[in-house]
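Q: I have a new structure open and no idea where to start. Can we talk it through?

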Amino acid sequence: MEINEIKKEQDMEELDVINRLLVIMQKEGMKEVPQDVLEVFHSIAGMQMQLEAVVEELQGVREQLTQMQNSYPKEVTERITAHTAYFQEKAGGLAERLTALKVHFMDTAWQAVTAFEEKGREKMYAVLLKGLLGVKSMLAGCREKMMDVLIECEKTANQIDSIGDELKQIGNGLANVGRLLFGKGTKELPEESHGVGLTRTLNIPVKKMIMTLRKQIDMADHTREKINILSEKLSAEKEKRISVKEKLSQKKTESELKISETNKEKAKNKELCI
C-alpha cells in the first residue's frame, strides 16, 4: 500500500472515531461540547500538517542547493546547506511531537467512546478529563520547543542576510575598482550579482518557517485556552450528572421510607382491629 493511501486510511479512521464521540455527546445533550472537541482536533491536526509542509519545503531547498553548488562560492552553499539541514531536522522534530500529540488526543477520543459503551456517561467524562490534561501538558512542551526553534530561526535568517550583504559589498568593491580605473563612477550592483540573489532566495523558506512558527505558537495558545474551556464544560456536565443522580437517589430513599412508614401504620391498625 502506498504512503498516500495509508495516510488517507488513517485520516478516515481518525474522523470515524471523532464522529462517533461527537454523536454520543450530541445524543447526551451536551450542546457546545462537541464543537469544542472538533476545534481542538482541527487545531492539532492543522499544526502538524503545517510543519510537515515546512519539512518538505526545506528538503526541496537542500536538493536545489546540491544542484547549484558548482555555480556559487563553496563557502556560501556549504553554510546555507548546513543551516537548511539543521532547521529541517528541527521542523521534523516538532512535526513528530505534534504527531504524538494528535495520537494521544485520538487515543483519548477512542477510550472515551469505549468507556461510554461499556460503563456509561460518567466514565466517559473521567476518561476525557484525564486525557485532556495529558494533551494540555504535551501541547505546552510543543510550544516551548517552538519558541526555542523560532529564536534560532530568526538568528539564522539574519546571518544568511548578512552573508548576502557581505557578498554584495565584495562584488561592489571589485566592480567599482574596475570602473574607477576606466574613469567611470561607482555603481551599485543588483541583488543577483555574486551569489547575493542566492542567499536572498534560499532564505525565503527560513523566513517562511519563522512565520509558520509564530502562527503555530498563537494556535497553541488558542488551543490551550479551548482545552481549558472544554475541561470546565465537561466538569460542569459531570457535576450536573452527579447532582441529578443524587437527587434521584434521595427521592428513592424518601419514597422507600414513606412506603415503610405506610406499611408500619397498616400493620399497627391491623393489630388494633384484632
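Q: Leaving aside neighbours within four places in sequence, which residues is Ser231 in contact with?
A: Leu129 and Leu132. One caution before we go on: this is a predicted model.

Q: Noted. Where does Ser231 lie?
A: Ser231 lies in helix H6.

Q: And how far is Ser231 from Lys130, C-alpha to C-alpha?
A: Their C-alpha atoms are separated by 9.4 Å. Along the chain, Ser231 and Lys130 are 101 residues apart.

Q: Let me step back. How many helices and strands does the protein have?
A: Six helices and zero strands. From the N terminus on, the order is α-α-α-α-α-α.

Q: What share of the contacts is long-range, say 24 or more positions apart?
A: Take the contacts with a separation of 6 or more. Residues 24 or more positions apart account for 82% of them.

Q: How much of the protein is buried?
A: Buried residues make up 36% of the 274 residues.

Q: And the surface? What area does the protein expose?
A: About 16900 Å². Carbon and sulfur atoms supply 54% of that area.

Q: Now the inside. How many residues are in the largest nonpolar core?
A: The largest nonpolar core has 53 residues. Those with the most contacts inside this core are Leu21, Phe105, Met209, Leu213 and Leu234.

Q: Which helices supply at least two residues of this core?
A: H1, H2, H3, H4 and H6 each do. H4 gives the most, with 15 residues.

Q: Why would nonpolar residues gather like that?
A: As a general tendency, nonpolar side chains in soluble globular proteins are buried together.

Q: Pick Leu21. What does Leu21 touch, leaving aside neighbours within four places in sequence?
A: Leu21 is in contact with Val37, Ala109, Ala112, Val113, Met124 and Leu128.

Q: Any gaps in there? How many cavities of 30 Å³ or more turn up?
A: A search of the whole structure finds one. The largest cavity holds about 50 Å³ of space.

Q: Which residues line the largest cavity?
A: Leu21, Val37, Phe105, Thr108, Ala109, Leu128, Leu132, Leu230 and Leu234. Leu21 is also in that short list of core residues with the most contacts. Leu132 came up earlier too, as a contact of Ser231.

Q: Which elements give two or more residues to that lining?
A: Helix H3 (74-119), helix H4 (121-181) and helix H6 (204-273). H3 gives the most, with three residues.

Q: How does the lining split by class, nonpolar, polar or charged?
A: Eight are nonpolar and one is polar. None of the lining residues is charged.

Q: New topic: Thr156. Where is Thr156 found, and is it buried or exposed?
A: Thr156 is found in helix H4. Thr156 is buried, because its relative accessible area is 7% and buried means under 20%.

Q: What does Thr156 touch, not counting residues up to four places away?
A: His83 and Phe87.

Q: OK, His83 then. Which helix is His83 in?
A: Helix H3. At 19% relative accessibility, His83 counts as buried as well.

Q: And what does His83 touch, with the same neighbours left out?
A: Thr156, Gln159 and Ile160.

Q: How far is His83 from Arg62?
A: They are 9.8 Å apart in space, C-alpha to C-alpha. In sequence, they are 21 residues apart.

Q: Back to H4. Met147 lies there too. Is Met147 buried, exposed or partly exposed?
A: Met147 is partly exposed, with a relative accessible area of 30%.

Q: How far apart are the C-alpha atoms of Met147 and Arg214?
A: They are separated by 8.4 Å. Along the chain, the two residues are 67 residues apart.

Q: Last one: Lys31. Where does Lys31 lie?
A: In the loop between helix H1 (3-27) and helix H2 (33-68).

Q: Is Lys31 buried or exposed?
A: Lys31 counts as exposed, because its relative accessibility is 76% and exposed means over 50%.

Q: What is phi for Lys31?
A: Near 55°. That is a positive value in a residue other than glycine.

Terms used: Residues are numbered from 1 along each chain as its sequence is written. This is a predicted model: local features need pLDDT of at least 70, side-chain atom pairs count only at pLDDT 80 or more; totals for chains, interfaces and linings use all residues. Side-chain values use heavy atoms; hydrogens and water are left out. Helices (H or I, at least four residues) and strands (E, at least two) are DSSP runs, numbered from the N terminus. Buried means under 20% relative accessible area, exposed over 50%, partly exposed in between (1.4 Å probe, protein chains only). On a 1 Å grid over the protein atoms alone, a cavity is a set of points where a 1.4 Å probe fits but cannot get out, and a pocket is an open set with protein on both sides within 12 Å along at least five of seven lines; lining residues have an atom within 4 Å of a point. Grid points are joined across faces, edges and corners, and a volume is the space filled by probe spheres set on the points. Ala, Val, Leu, Ile, Met, Phe, Trp, Tyr, Cys and Pro count as nonpolar, Asp, Glu, Lys and Arg as charged, and the others, Gly among them, as polar. A nonpolar core is a set of buried Ala, Val, Leu, Ile, Met, Phe, Trp, Tyr and Cys residues joined through side-chain atoms within 4.5 Å. Contact means heavy atoms within 4.5 Å. Accessible areas come from the Shrake-Rupley method with a 1.4 Å probe; for residues, only the protein chains shown count as cover.
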